[in-house]
Amino acid sequence: MITTTGLEKVYTSRGREVSALRGVDLHVREGEVYGVVGTSGAGKSTLIRCVNMLERPTAGTVTVDGVELTALAGSEARAGRELRAARRRIGMVFQHFNLLASRTVQQNVELPLEITGLDRTGRRRRAAELLDLVGLADKARSYPNQLSGGQKQRVGIARALAGDPKVLLSDEATSALDPETTRSVLELLRTLNQELGLTVLLITHEMDVIKSVCDSAALMRDGRIVESGTLTDLLATGGSQLARELFPLPESGTAGPAGTVLEITFQGDSSGQPFISQLARTYQIDINILGAAVETVAGRQVGRMRVQLPGSHQDNVVPIGYLREQGLQVDVLTHETTGALA
Ligand code: ADP
Ligand code: MG
C-alpha cells in the first residue's frame, strides 16, 4: 500500500546540508498498522512528510495505493491536480492537532470537504457521520478550546478521514496526551484500521505504542531503517534491538563467573519450562534460570527466559542446537551484551 525506494532527503539550511533520509526502503502492506520508532532527529517526520509529499524527496520514489507520487508534478505549495487528488486519499494526523480555533468542531471537520466542492448539506451529513465514528457526535457545536486533548485529537482524526482515505499517517499523534487518553486514541486508530480497512503508518518514540497497536515496525537511525518486519518476525530474530526493546527482560538472579548465558524467546502457547527440564535431563546439566517473563505483543503471548548453562559457548554448541531445533529463538549473550552479568 505504501512503498518507498531509495528515499533520500537533503535539507539546506543556512548554507549547510543536512541528510535527513539516506536511502529508505519502506514497505507497508494494505490493512496493517505500521509503526516507525527512533530517537529524535532520526528522520521519522521527514519520512512521513515525504510519503504524502508535504516534503519533496531529493531522490527515490514514493508509491501509495499504486500511484507513484514522486512522478506527479508539484510540491506542498504548488501541487498539480493529480497530486492533490492522490493526497486526498491520504489522511494525516498531527501531534498538535492543527485545529482552527475560530471554527466549531463540525466546521473543522468540514474544512477538507469544502475544498473538494461538496455542497453544504453533503458536508454537514458527512461531518456528522465522521464525528459519530470518533465518538464526538455531541461536540459538533463546541469550539476546540472547549475540548480535552484526547477530544481534539479525535477531531483531528475525523478531519483526516473526511476525504475517505485508504491510508492514514500519524506523526506522534499521542505524544501530547496522558497515558489513558493515549490508550483510547490508539484503540480508535485500531478500530478504524479494522472496520474501515484503513492502512495506518504511525510515527512514535514510545515502544508501548508499537506494542499495543502495530502489526509491523521499523527502527530508524540516522536517516536509515536499521530493522523492520512484523512484530512476530522481529521477536524471532536473533539480536534484534526492536525485539529487545519491545520485550525487555527484567534483571533477576546472578550468573556465575563461568558459564554461557542464553536468552530464549518463545511464542504462542509453548511454555519454555518443559524445554528447560528436557534439556537438563537429556544433557545432564544444571541450568540456572536468571529471569523469565511473559508478555502480550501484537495480541500474541511471547515468553522470554534468561538461563545459564555450565561451561563455555563451545561446550554448549549441542544443547543450543537442541533448543533451536525445538523452534525456540536462542541468543547467546556475550560478555559485552550482558555487561554487569559477566
Ligand atoms: P525525527 O522526526 O525523527 O525527530 P526529523 O525528520 O524531524 O526527525 O529530522 C531529521 C533531521 O533533519 C534532523 O537532523 C533535523 O534537524 C533535520 N531537519 C528536519 N526538518 C528540517 C528542515 N525543514 N530544515 C532543515 N533541517 C531539517
Ligand atoms: Mg518528528
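1. Let me start with the lining of the second largest cavity in this predicted model. Helix H9 (241–246) and strand E14 (329–333) each supply at least two residues of that lining. The full set of lining residues is Leu-235, Thr-237, Gly-239, Ser-240, Ala-243, Arg-244, Thr-265, Arg-304, Gln-329 and Asp-331. Sorted by class, they come to two nonpolar, five polar and three charged residues. The volume of this second largest cavity is about 40 Å³.

2. How many cavities of 30 Å³ or more does a search of the whole structure find? The search finds two. A general point helps in reading such results: rolling a probe the size of a water molecule over the atoms shows where empty space is left.

3. The largest cavity has a volume of about 50 Å³. Its lining is made of Ser-170, Glu-172, Ala-173, Thr-174, Leu-186, Leu-189, Leu-202, Ile-203, Thr-204 and Val-209. Both H6 and strand E8 (199–203) supply at least two residues each to this lining. By class, the lining of the largest cavity has six nonpolar residues, three polar and one charged.

4. Next, the second largest pocket, where helix H6 appears again. Helix H6 (179–196) and helix H7 (207–213) each provide at least two of the residues lining this pocket, and H6 gives the most, with six. The lining consists of Pro-179, Thr-182, Arg-183, Leu-186, Glu-187, Arg-190, Glu-206, Asp-208, Val-209, Ser-212 and Val-213. You may like to note that Leu-186 and Val-209 are in the lining of the second largest pocket and also in that of the largest cavity. The pocket holds about 240 Å³ of space, and its lining divides into four nonpolar, two polar and five charged residues.

5. The largest pocket contains about 780 Å³ of space. Which residues lie nearest its centre? Of the 20 residues that line this pocket, they are Arg-87, Arg-88, Ile-90, Pro-112 and Ile-115. Four elements each contribute at least two residues to the lining: helix H2 (81–88), strand E6 (90–93), helix H3 (105–116) and helix H5 (149–160). The largest share, five residues, is from H3. In class terms, the lining of the largest pocket has ten nonpolar, five polar and five charged residues.

6. Now for ligand 1 and its surroundings. The shell around ligand 1 is formed by Tyr-11, Val-18, Ala-20, Thr-39, Ser-40, Gly-41, Ala-42, Gly-43, Lys-44, Ser-45 and Thr-46. Four of these shell residues are nonpolar, six are polar and one is charged.

7. The polar contacts of ligand 1 may be of interest to you. A polar side-chain atom of Lys-44 is 2.8 Å from an oxygen atom of the ligand. For Ser-45, a polar side-chain atom lies 2.9 Å from a ligand oxygen. Gly-43 takes part through its backbone, with a polar backbone atom 3.0 Å from an oxygen atom of ligand 1. Taken alone, ligand 1 exposes 560 Å², and the protein buries 62% of that. Strand E2 (16–28) and helix H1 (44–51) are the elements that give two or more residues to the shell. Which element gives the most to the shell around ligand 1? That is H1, with three residues.

8. A single residue for you to find in the viewer is Ile-289, which is placed in strand E12 (residues 288–297). Why does Ile-289 count as partly exposed? The reason is its relative accessibility of 38%, as the partly exposed class runs between under 20% for buried and over 50% for exposed. Along the chain, Ile-289 and Leu-196 are 93 residues apart, and their C-alpha atoms are separated by 46 Å.

9. Finally, the chain as a whole. There are twelve helices and 14 strands in the chain. The C-alpha trace spans about 80 × 50 × 35 Å along its principal axes. The chain has 342 residues, and buried residues make up 47% of them.

Conventions:
Residues are numbered from 1 along each chain as its sequence is written. Chains are lettered from A and ligands numbered from 1 in the order in which they are written. This is a predicted model: local features need pLDDT of at least 70, side-chain atom pairs count only at pLDDT 80 or more; totals for chains, interfaces and linings use all residues. Side-chain values use heavy atoms; hydrogens and water are left out. A residue is near a molecule or strand if one of its heavy atoms lies within 4 Å of it. A polar contact is a pair of N or O atoms within 3.5 Å; within protein, one must be able to donate a hydrogen and the other to accept it, and residues adjacent in sequence count only if both atoms are side-chain atoms. Accessible areas come from the Shrake-Rupley method with a 1.4 Å probe; for residues, only the protein chains shown count as cover. Ala, Val, Leu, Ile, Met, Phe, Trp, Tyr, Cys and Pro count as nonpolar, Asp, Glu, Lys and Arg as charged, and the others, Gly among them, as polar. On a 1 Å grid over the protein atoms alone, a cavity is a set of points where a 1.4 Å probe fits but cannot get out, and a pocket is an open set with protein on both sides within 12 Å along at least five of seven lines; lining residues have an atom within 4 Å of a point. Grid points are joined across faces, edges and corners, and a volume is the space filled by probe spheres set on the points. Buried means under 20% relative accessible area, exposed over 50%, partly exposed in between (1.4 Å probe, protein chains only).
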